[in-house]
Amino acid sequence: MAAAAGARGAWLAASPRRRRSAARRPKRREAAAAAGTPGAEPEVDGGVVLRRIQEAREDLVISAFWSSALETITGCLRKHLEQLRAPEGPLSEALGHLHLGAPPVEADAASGSVLEETLVPGTCCFKCVCYGIGNFSSCVIARSQLAFLLLLLERCQIPRSHCWVYDPLFSQLEMAVLGALGVVVLRENEEGKRSVCGEPTVFYMPHCGTALYNNLLWRNWSLDALSKVVIIGNSFGGLEERLLTRILHKHYPYVAKILTGLEELAFPQTPRYMDVFNDTSVHWFPVEKLTQLPTDTWAFREEPDYQDCEDLEIIRKQAEEPPRADLSSL
């Protein structure tokens, strides 16, 4: 990833961590592909990329992995929806008791459903935000992750126009392809600092750096906001196991503080998709668990800066953003 970021010039990547987890291996492949390393797939046009995405989708649909992973996700989403559909339940009571404000730095609001038996039309609609899938035009792993996202949107009846996608490594071709697929390509590197703005939101973040998860939690650091968040990404339990306790609490305090306030369901592990979704889990935040956290948990709201973090695994934005891509070529 660092090599690709250097080639773009407008992005600043921190030094690579000395100790890599298995969850980071796919990103090295993406970086190699973006840098033109031998073995990467050759540059292709948009039609070829769209066809390959469709092929990856078809492979996923017939796999045992997909059916099992979908069951894991929908089981989590059903519980999440049950929590949100109780207007006078534990959530409102907890909020009334804690008198907590909104999360820091308010931002502007931005068929055959497996959830149709739970969803009542018009009562709840998920949004989706995807970070960090990488260069899917040249990386098989990234392409499978994108195909999974598209299938998830379809099965859960989330309109593609309600899905926002971003990776600083996207090429102009890839942004054009995403536009053709109907998802919304974000123009700014948010560094994961996106508010749910009061709406249930699934964050799809496979194999992202720990700082992205930490930033997302910070941006939604209140009982009300976190109760509307679902994260599909690196196992938080795995992060706790791999990182030294002092490193976790110093550099990623929001991840550290929320570990006892979430429920995590691991993705199935199959040989076919081991590299694509290893160490991946679905996370949501039950109100019952959030209310059991110490009351001073919510008082700490300092924005992460990572000034002395040597193993940061995200690409930071600079004051001046790169030129916008021309999406009209596809």
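Visitor: Is F148 buried or exposed?
Guide: Happy to start there, with the note that this is a predicted model. The relative accessible area of F148 comes to 0%, and a residue counts as buried under 20%. F148 is therefore buried.

Visitor: How are the ring planes of F65 and F148 arranged?
Guide: The two ring centres lie 6.2 Å apart, and F65 is, with a relative accessible area of 2%, a buried residue. The planes of F65 and F148 meet at 50 degrees. Planes under 30 degrees apart would be stacked and those over 60 edge-to-face, so the pair of F65 and F148 is tilted.

Visitor: And what is the arrangement of the rings of F267 and F277?
Guide: Here the centres are 5.8 Å apart, with 55 degrees between the planes. That angle is neither under 30 nor over 60 degrees, so the pair of F267 and F277 is classed as tilted.

Visitor: Where in the chain do F267 and F277 sit?
Guide: Both are buried residues, F267 at 4% relative accessible area and F277 at 1%. The pair links distant parts of the chain, 10 residues apart. F277 belongs to helix α13 (274-277), while F267 is in the loop between β7 (263-266) and α13.

Visitor: Which residues do ring pairs link into a cluster with F65?
Guide: The structure holds 15 aromatic pairs. Ring pairs join both phenylalanine pairs we have just visited into one cluster, together with a tryptophan and two tyrosines. Besides F65, the members are W66, F148, Y204, F267, Y273 and F277.

Visitor: Which residue lies over the face of Y273?
Guide: Y273 belongs to that cluster of linked rings. At 4.5 Å from the ring centre of Y273 there is a charged partner, and that residue is R272.

Visitor: Over which ring does the charged end of K257 sit?
Guide: A lysine charge counts as over a ring if its NZ is within 6 Å of the ring centre and within 35 degrees of the ring normal. The charged end of K257 is 5.3 Å from the centre of its partner ring, which is that of F300.

Visitor: How are helices α3 and α6 oriented to each other?
Guide: Helix α3 covers residues 46-61 and helix α6 residues 140-155, and their axes are 8 Å apart. They pack at an angle of about 70 degrees, and their crossing is right-handed. Angles of 65 to 115 degrees count as roughly perpendicular, so α3 and α6 are roughly perpendicular to each other.

Visitor: What share of the residues in the protein chain is buried?
Guide: The protein chain comes to 14 helices and nine strands. Of its 330 residues, the buried ones make up 54%.

Definitions and conventions
Residues are numbered from 1 along each chain as its sequence is written. This is a predicted model: local features need pLDDT of at least 70, side-chain atom pairs count only at pLDDT 80 or more; totals for chains, interfaces and linings use all residues. Side-chain values use heavy atoms; hydrogens and water are left out. Helices (H or I, at least four residues) and strands (E, at least two) are DSSP runs, numbered from the N terminus. Buried means under 20% relative accessible area, exposed over 50%, partly exposed in between (1.4 Å probe, protein chains only). Rings of Phe, Tyr and Trp (its six-membered ring) pair if their centres lie within 6.5 Å; planes under 30 degrees apart count as stacked, over 60 as edge-to-face and the rest as tilted. Axes are lines fitted to C-alpha atoms, for helices over the stretch in contact, and angles run from 0 to 180 degrees between N-to-C directions. Angles under 35 degrees count as roughly parallel, over 145 as roughly antiparallel, 65 to 115 as roughly perpendicular and the rest as oblique. A crossing is left-handed if the near helix is turned anticlockwise from the far one by less than a right angle, and right-handed if clockwise.
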